[in-house]
Structures are given as C-alpha cells and as structure tokens.
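Biologist: Please show me the model, and let us then discuss its fold and two of its valines.

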Amino acid sequence: MGLHRLPHGNVTGASSARRIWRAGILLGLLTIVPISTFGVAKRISLTQLLGYKAVPVRYAPLNKMIMSVRINGQPANLLVDTAANQVILDADAAQSFGVQPSQRGLRYIRFAQLNGQSLPVAFARSLTAGSMSFGSAPVTLRNSSWSDAGNEHVDGLLGLEILTRYKAIINCRTKLIFFKVDLSPDVRLSSVASAEKFTRVPLQREANDALTVPCSVHGRPARMLVDTGAFITTFHEAFLKSLGIAVEPTRVSAHFARGTARKISAGQITDLRIGDFKVPAAKFGATGLPNFMLGQGSVRISGVLGMDTLYNYSAIIDLDGMNLFLK
C-alpha cells in the first residue's frame, strides 16, 4: 500500500474523514517499508525565512504531524490538519485547558456545522507554539474517540483558519512550519524551487475551503484533497476500477466521521501524476470514500493526498503563493 516509515512513526493508516476528527486505523499484517533518503534542497530547507517565525513539528506513529502548543498556558498536542477548517479540540481536553464559552453571558460564541453535526464554538484566551503567538482564538469542541497509537496523545486539530491567516509554509520533510508575522515582501518560492528541481503544482481552495490539486491516472484528469491529517494516500475505489486497475483486499480498515468504517484495498498505479509531477509506480490505498468526503464544495475529488506521499516527495505546502512543491 505504499506504506513507509517516517521519522519516529510508521505510515500505517488510511485516509481520514473530511474536515473532522480521525479515528483509529487497524494495521493488520502489512509490511512496513523504510523510505529511502531523499536529498533535501538546501535553499528550500532554511531554518529561517524573512518575516516568518518557524515552529517545529514532529511525526508520531500513524503519520501524525504533531505540533506542541500551549492553550491558555497549558501544554497540548495538536495534529496539523489541512483538511480541517478550524482549531478543533476534544471537549474534555478543552475543559482542562480552561477553554470556556464567551464571557458575553457565558454562552457559546456560536455553533459550527461539521459533517452534519452542530458543535459548540468556545473561546481560547491564548494559543501559542514555540515563539509564535496566535493570540486568542475560537475553538470548536467535539467529543472524540481519538486514537492515541504509540502513546502519543492528541488533543485536537490545528486547521486552515490559523494556517491561512498566517500564510503558513509547511515543509513536510524538514518538519518546520513557517508563519508570516510582518509585512516583509512575499517569499517567492517558485523560482528557488525550480532551481532545486522541485515541481510546482497549483493549489486550489474550494468553496468549502478544501485544498485540492490536479492529478491524473491513465491520463484521466481528476482532483485530490491535500490532507496532512490523512495517514496514507488513498483513492476512491470506484475511480480506480473504472480505469481497469485491479485492487486487492488488505487487513487495514479506516474509520470516518459519522461512524462510517470501510475496508482498505491496495492497487498498483504506474502512471500517477500530481500536476506535472510524475509519481513513481507504487501501490496506493483504495476504498469507497463516503459521499460527504467526495464532495468538496462544487468539486468532486477522486482521492486524498496523504502524509506518506507528501513526506516521501519532500512536499512544501505554500499557503502564501498557493502552491504545492514536490521533488
């Protein structure tokens, strides 16, 4: 299934549900294949960018990209998730951090509709990560059955509301996220990335705020959701079968929002392109993605671009220039 070992964690899971909590993944007896060492472009992997603050992340088992933060001064772990809109916290964890309703009559600020659920939005007085302060922030609360595989506790999700507000640049290989903090000229990664033989793929933000990129399999154009919260890259099974790509059952299961569980199959894809980037032949996950996940605004996706592929090809997600760079 194109499973690979990341630093301090294994790629052992399946695609996650759209914009909301990920649940547990059952590994079964699949082989874990260590990744080869890719050269990282020196100029792209800078530890500092003018006008930005860098915050380190780490990889936990099941490919969780974890950022250590402080919420109201209390330490917490957030999963960096480009398929979530907001900061989403487990309700019990939020209570322990002192995240409470708005002081205006001690009522919740509002309710957010996520995957058909109406969830309360509370208020965090402060959210910081390293030397970066995000100030106060609305926080969506959800009761979660989060999987703490590898004893790595996760308290919630850091979503696009924060990432896009600060024009984040996410370097999946070097494990740094840069947040823009002043009005310095925009960082022009395209010319540098081209010189370092990265391929630029345009990011598109859909009507529902999802990030998608163009792709093709057997020459058929499609779109993929860019999801740093997804543990592996997974395609809609019907899409692969329509192209004559055979899939084999595995012993891996995925659990989506709304209690949906699906078995994961694996299919060999020899000609996947993400934009103009040619992905080497490999096996990828395949499952029947739920309808609420397939529809991203007015766009229908055919798969989810997950952390295994993003890491293996040194992905840089540039939310300033709205590009994805792969090498």
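The following exchange concerns a predicted model.

Biologist: How many helices and strands are there in the protein chain?

Modeller: Both kinds of element occur in the protein chain. The count is six helices and 32 strands.

Biologist: What share of the contacts in the protein chain with a separation of 6 or more comes from residues 24 or more positions apart?

Modeller: Contacts here are pairs with heavy atoms within 4.5 Å. Taking those with a separation of 6 or more, residues 24 or more positions apart account for 70%.

Biologist: What percentage of the area that the protein chain exposes is supplied by carbon and sulfur atoms?

Modeller: The protein chain exposes about 13300 Å². Of this area, carbon and sulfur atoms supply 51%.

Biologist: Is Val-99 buried or exposed?

Modeller: Val-99 lies in the loop between helix H1 (91-96) and strand S10 (110-114). Beyond four places away in sequence, Val-99 touches several residues, including Ile-71, Leu-89, Phe-123 and Val-139. The cut-off for the buried class is under 20% relative accessible area. Because the relative accessible area of Val-99 is 7%, the residue is classed as buried.

Biologist: Why does Val-304 count as buried?

Modeller: Val-304 belongs to strand S30 (residues 303-305). A residue must have under 20% relative accessible area to be buried. Val-304 meets this because its relative accessibility is 0%.

Biologist: How far apart in space are Val-304 and Val-213, C-alpha to C-alpha?

Modeller: In sequence, Val-304 and Val-213 are 91 residues apart. Their C-alpha to C-alpha separation in space is 9.9 Å.

Methods:
Residues are numbered from 1 along each chain as its sequence is written. This is a predicted model: local features need pLDDT of at least 70, side-chain atom pairs count only at pLDDT 80 or more; totals for chains, interfaces and linings use all residues. Side-chain values use heavy atoms; hydrogens and water are left out. Helices (H or I, at least four residues) and strands (E, at least two) are DSSP runs, numbered from the N terminus. Accessible areas come from the Shrake-Rupley method with a 1.4 Å probe; for residues, only the protein chains shown count as cover. Buried means under 20% relative accessible area, exposed over 50%, partly exposed in between (1.4 Å probe, protein chains only).
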